[in-house]
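Student: Can we go through this one together? I'd like to see how the labels get assigned.
Tutor: Sure, let's pull it up.

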Amino acid sequence: MTRGRDGRVGLAAERRKPVVPTQHRALLAAIIAAIVALSTAIYVSVATGDGTAGDTPVRGRAPHNSAAPASTGTWVGTWTTSPAAAEPGTETAGMAGRSVRNVVHTSVGGTSARITLSNLYGQSPLTVTHASLALAAGTGTAAAADGTMRRLTFGGDPTVVIPSGGQVTSDAVRLTVPHDSDVLVTTYSPTPSGPVTYHPHARQTSYLAEGDHTEDVTAAAYTERTPYWRYLTALDVLSNESDGTVVVIGDSLTDGITSTENANRRWPDVLADRLRTAVATGRDVPRYSVVNQGISGNRILTDGLGRPADNPSGLHRFGRDVLGRPNVRAVVIVLGVNDILRNPQLADPDRILDGLRAMTDQAHARGLKVVGATLMPFGGHRGYTPQRETVRQRINAEIRAGRVFDAVVDFDRALRDPYDPRRLRADYDSGDHLHPSDKGYARMAEVFDLADLKGSAPAEL
């Protein structure tokens, strides 16, 4: 199934300290203060370690096109993706000398926007000298809608340096971003930076151009199409439509690997549409955006190879990809099938359940409610065995009994073949007997009880 490092600058404790004349101390202090201020302006909002971003926009001198929000609202995620790996073939040059125009799709609208860029897998600092944001002129194009192109800044500066293993959040720009729209986020780096941090299974066409065409409104220079998202990991909006964010963490079933490209038919996309429609028609459901933190091949317990690990486990990335998002109000966990299928031995259901409970506990520590999904059938898939089916059934029994999550969405029951419950129903099957079709993804969103998103984590007695 296709589902950071903390740099500390220390001083030698035993080094003999020179005696600084008293009359020079004030001057020395002033010089140090100036250096710190300059460094802050350059590296503002950079996070190292797992790259967790804060919930507020960076602050600095006024950006070139005024980062001050034009109205009040709540900062929420309207689109996200998880940094999944280092892109093969980019180990030396990265994307040096090329404009990377990522196309992403919004779940809610807002009046201002900001982005997050990641250099999690880079082995050297990433210098971005130019970045922009615009609404797309239509579906399937690199052209920008008239009057929507905005230059992005970082602490008031158009250039930012992102350390290896770090990430940065831009200043906010004033732009009315509609829900259910495509947004173009473009970056340009003139220098080699090593491996590119990317998300390989975007199911969305993005674009590349030779040279700096960051603020080009037309698509003329963007002659190369790409199925990846590079560097960009989040688009937040200042929204009056939403009071918070639902984060869905999962594998390829959430990544939507078999959904139609450029159609936004992953099941979290459909869930976002359902939630927005329910709010608009006056139903008593939360006003939340929905963001997708699925990685194809993802497992609860096991990381991929490399350092930092490609495809980090659900447990290891939970803090970054779920708790690190702005104004998270609820979490949906759809993981476990890969722990069964990709284990060379027979998986231990108790270890998988313990992993799911550990993520639930992390969410509860933040007061967040957790909705979890049963594991869908995979009969007919090349990895199917009766023993693995027994493991799946054991895990689902615990989930349905309410001993793992606060609420349950029963994807197994909704998508299985009623005449052979070990398999997906034929019209819900993409053909590989593991991943749903577009109709299957829609069914997943349809059976999700929106009322389960209400409330917070239950109080511990």
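Student: How do you know that the length of helix α3 fits its residue count?
Tutor: Helix α3 covers residues 267–280, and at 1.5 Å a residue its 14 residues should span 20 Å (1.5 Å times one less than the number of residues). Its end C-alpha atoms are 20 Å apart, so the two agree. Helices here are DSSP runs of H or I, at least four residues, and strands are runs of E, at least two, numbered from the N terminus.
This is a predicted model, where local features need pLDDT of at least 70, side-chain atom pairs count only at pLDDT 80 or more, and totals for chains, interfaces and linings use all residues. Residues are numbered from 1 along each chain as its sequence is written, and side-chain values use heavy atoms, leaving out hydrogens and water.

Student: Why are α3 and α9 called oblique?
Tutor: Their axes (lines fitted to C-alpha atoms over the stretch in contact, with angles from 0 to 180 degrees between N-to-C directions) cross at roughly 45 degrees and come within 8 Å. Under 35 degrees would be roughly parallel, over 145 roughly antiparallel, and 65 to 115 roughly perpendicular; the rest is oblique, so α3 and α9 are oblique to each other.

Student: Which residues meet there?
Tutor: W267, V270, L271 and R274 in α3 meet Y441, A442, M444, A445 and E446 in α9, where contact means heavy atoms within 4.5 Å.

Student: What makes α4 mostly covered?
Tutor: Seven of the ten residues of α4 (314–323) are buried, meaning under 20% relative accessible area with a 1.4 Å probe, protein chains only; over 50% is exposed, and in between is partly exposed. Among the buried ones are F318 and V322, and the cover includes β17, β18, β19 and α6.
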